[in-house]
Amino acid sequence: MASPKRRLQGLVAATITPMTEHGEINFSVIGQYVDYLVEEQGVKNIFVNGTTGEGLSLSISERCRVAEEWVTRGRNKLDQIVIHVGALSLKESQELAQHAAKIGADGIAVIAPFFLKPWNKDILVNFLKEVAAAAPALPFYYYHIPALTGVKIRAEELLDGIQEKIPTFQGLKFSDTDLLDFGQCVDQNRQRQFAFLFGVDEQLLSALVMGATGAVGSTYNYLGKKTNQMLEAFERKDFSSALNYQFPRKNHF
């Protein structure tokens with residue numbers, strides 16, 4: 001079974017794919033981007049080619065090159081690099097998964113196919129299983145984002161027995177506002193060392209109460225330092241300060 005050096009936890013920046021004014025990927029700034037995340041924001045985990053990175057708007061070749069550059073530039077600086085490899089084509093998703101393994105990524109993530117949608121849990125799990133099997137040495141994460149995919153299968157239902165089908169399954173990125181579903185994912189899998197990564201940045205504090213072990217989001221590119229302070233406040237049970245970090249412009253009494 002695949003297992004990371006340690007469980008993916010804390011903040012994970014969903015990286016932006018830098019572009020030139022002519023619509024070409026600006027690979028030259030990714031090294032600076034890595035340094036900025038680590039030194040200025042205190043964020044050492046990244047999620048590449050996801051929604052924020054516009055991975056599904058890039059060609060397969062571009063996605064591979066972007067992943068390579070992040071892995072190369074992040075070596076010995078970042079803790080974990082997860083590559084989103086979801087695609088409408090199973091073969092393309094498998095190709096991206098194999099590529100992620102080849103370049104030394106720390107994990108892969110996949111969204112549900114969203115054109116001809118899986119209509120039940122078994123169909124979705126079978127798709128995910130085929131992708132995960134293409135990179136059997138890498139931890140696998142499900143990327144749950146029903147508002148964009150239109151796939152309404154509850155994450156709690158999906159997780160039931162998932163490691164029997166996908167041995168490399170290590171957790172999920174939960175990008176939905178249904179905190180009941182998220183909380184049930186955590187509650188019903190307490191014996192497993194899954195990563196429960198919340199993906200709605202403005203609700204992170206609520207998700208921490210429900211048992212989130214980390215978070216993946218776009219705002220951690222520039223609010224990583226502040227959000228880490230919120231995590232620290234929550235950890236020491238200073239909930240008033242944590243709330244002020246979540247909503248810094250409001251007064252709470």
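For counting charges, Lys and Arg are positive while Asp and Glu are negative, and His and the chain ends are left out. Each charge is placed at NZ of Lys, CZ of Arg, CG of Asp or CD of Glu.

The model you are looking at is predicted, so local features need pLDDT of at least 70 and side-chain atom pairs count only at pLDDT 80 or more, while totals for chains, interfaces and linings use all residues. Residues are numbered from 1 along each chain as its sequence is written, and side-chain values use heavy atoms, with hydrogens and water left out.

**Exercise 1. Find how far apart the mean positions of the positive and negative charges of the chain are.**

Step 1: Take the charges by sign; the chain has 26 positive and 28 negative ones.
Step 2: Compare their mean positions, which lie 3 Å apart.

**Exercise 2. Describe the overall build of the chain, starting with its radius of gyration.**

Step 1: The radius of gyration is taken over C-alpha atoms, and the globule rule is 2.2 Å times the number of residues to the power 0.38. For 253 residues, a compact globule would come out near 18 Å; the chain has 17 Å, which agrees.
Step 2: Add the dimensions: along its principal axes, the C-alpha trace spans about 55 × 45 × 30 Å.
Step 3: Now the secondary structure, where helices (H or I, at least four residues) and strands (E, at least two) are DSSP runs numbered from the N terminus. The chain has 11 helices and eight strands.
Step 4: Contact means heavy atoms within 4.5 Å. Of the contacts between residues at least 6 apart in sequence, 73% join residues at least 24 apart.

**Exercise 3. Work out what share of the residues is buried, and which residues touch the most other members of the largest nonpolar core.**

Step 1: Set the cut-offs: buried is under 20% relative accessible area, exposed is over 50%, and partly exposed is in between (1.4 Å probe, protein chains only). Buried residues account for 53% of the 253.
Step 2: A nonpolar core is a set of buried Ala, Val, Leu, Ile, Met, Phe, Trp, Tyr and Cys residues joined through side-chain atoms within 4.5 Å. The largest has 69 residues, and Val 85, Leu 128, Phe 140 and Leu 204 touch the most other members.
Step 3: A second, separate core has 13 residues, including Phe 47, Tyr 143, Ile 145 and Leu 197.
Step 4: Put this in context: in soluble globular proteins, nonpolar side chains tend to be buried together.

**Exercise 4. Two residues, Asn 49 and Lys 237, have a positive phi. Is each one buried or exposed?**

Step 1: Recall the background: most residues other than glycine have a negative phi.
Step 2: Phi is near 65 degrees for Asn 49, and near 65 degrees for Lys 237 as well.
Step 3: Locate them. Asn 49 sits in the loop between β2 (45-48) and α2 (60-74), and Lys 237 in the loop between α10 (224-235) and α11 (239-246).
Step 4: Asn 49 is buried because its relative accessibility is 1%, whereas Lys 237 is exposed because its relative accessible area is 63%.

**Exercise 5. Which residues do Ala 195 and Ala 215 touch, leaving out those up to four places away in sequence?**

Step 1: Ala 195 belongs to strand β7 (residues 195-198) and is buried, at 1% relative accessible area.
Step 2: The partners of Ala 195 are Arg 7, Leu 8, Tyr 141, Gln 170, Gly 171, Leu 172 and Thr 213.
Step 3: Ala 215 belongs to strand β8 (residues 214-217) and is buried, at 0% relative accessibility.
Step 4: The partners of Ala 215 are Gly 10, Leu 11, Val 12, Leu 197, Phe 198, Leu 204 and Tyr 220.

**Exercise 6. Characterise two charged residues, Arg 154 and Lys 165, by place, exposure and contacts.**

Step 1: Arg 154 is in the loop between α5 (146-149) and α6 (155-159); with 28% relative accessible area, Arg 154 is partly exposed.
Step 2: Beyond its neighbours within four places in sequence, Arg 154 contacts Asp 178, Leu 180, Asp 181 and Gln 184.
Step 3: Lys 165 is in helix α7 (residues 162-165) and is partly exposed, at 41%.
Step 4: With neighbours within four places again set aside, Lys 165 contacts Val 125 and Lys 129.
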